[in-house]
Amino acid sequence: MEQVAIAAHRCWIASGDPAFRDYSFANELNSFSGKPRFLLVPKNDFGGRPLLVVQAEGAAGRVSTFGPLLDGDKGARISGDVRRWGAGETNCAGSA
């Protein structure tokens, strides 16, 4: 999960990607619930409702995603990126 979170932050937020400029990254990898995750929230409302949740569950660390961003024009890209990063790839550019 850490690898996915690092890649997401680097590729979506730190790179200044215009598709993600309206969002802030909230890292919750040290979750006591046993489900490490990260969130994308509105940039000007860090405590606001998450628009994307990416979390790992179980011993195998199965990564799942949910939230309204997946229903929009970024959904295929987000799903593709998370799937690639979860499989061990680290590059930013990929096809969704």
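Student: Which residues have the most contacts inside the largest nonpolar core?

Tutor: Those are Trp12, Phe38, Leu40, Leu52, Ile78 and Trp85, in a core of 17 residues; a nonpolar core here is a set of buried Ala, Val, Leu, Ile, Met, Phe, Trp, Tyr and Cys residues joined through side-chain atoms within 4.5 Å. Please keep in mind that this is a predicted model, in which local features need pLDDT of at least 70 and side-chain atom pairs count only at pLDDT 80 or more, while totals for chains, interfaces and linings use all residues. Residues are numbered from 1 along each chain as its sequence is written, and side-chain values use heavy atoms, with hydrogens and water left out.

Student: Which element gives the largest share of this core?

Tutor: Helix 1 does, with six residues, and the elements giving two or more residues are helix 1, strand 1, strand 2, strand 3 and helix 2. Helices (H or I, at least four residues) and strands (E, at least two) are DSSP runs, numbered from the N terminus.

Student: Is Trp85 buried or exposed?

Tutor: Trp85, which sits in helix 2 (residues 75-86), has 1% relative accessibility and so counts as buried, where buried means under 20% relative accessible area, exposed over 50%, and partly exposed in between (1.4 Å probe, protein chains only).

Student: And what is Trp85 in contact with, leaving aside its neighbours within four places in sequence?

Tutor: With that exclusion, its contacts (heavy atoms within 4.5 Å) are Gln3, Val4, Ala7, Ala8, Cys11, Trp12, Thr90 and Asn91. Trp12 is 73 residues from Trp85 in sequence, yet their C-alpha atoms are 13 Å apart in space.

Student: Cys11 is in that list; which cysteine does Cys11 form a disulfide with?

Tutor: Cys11 pairs with Cys92, their sulfur atoms being 1.9 Å apart, and a disulfide is defined as a pair of cysteine sulfur atoms within 2.5 Å. Cys11 lies in helix 1 and Cys92 in the segment after helix 2, so the pair ties together parts 81 residues apart in sequence. Cys11 is buried, at a relative accessible area of 3%, whereas Cys92 is partly exposed, at 30%.

Student: Switching to the sheet, in what order do the strands come?

Tutor: The open sheet has four strands in the order 1-2-3-4 with antiparallel pairing, and two strands pair if DSSP finds at least two bridges between them. Strand 1 (23-28) and strand 4 (62-66) are at the edges with a single partner strand each, so one side of each is left without a neighbour in the sheet.

Student: How many bridges join strand 3 to strand 4?

Tutor: Five bridges join strand 3 (residues 52-57) to strand 4, and Gln55 stands opposite Ser64 in strand 4.
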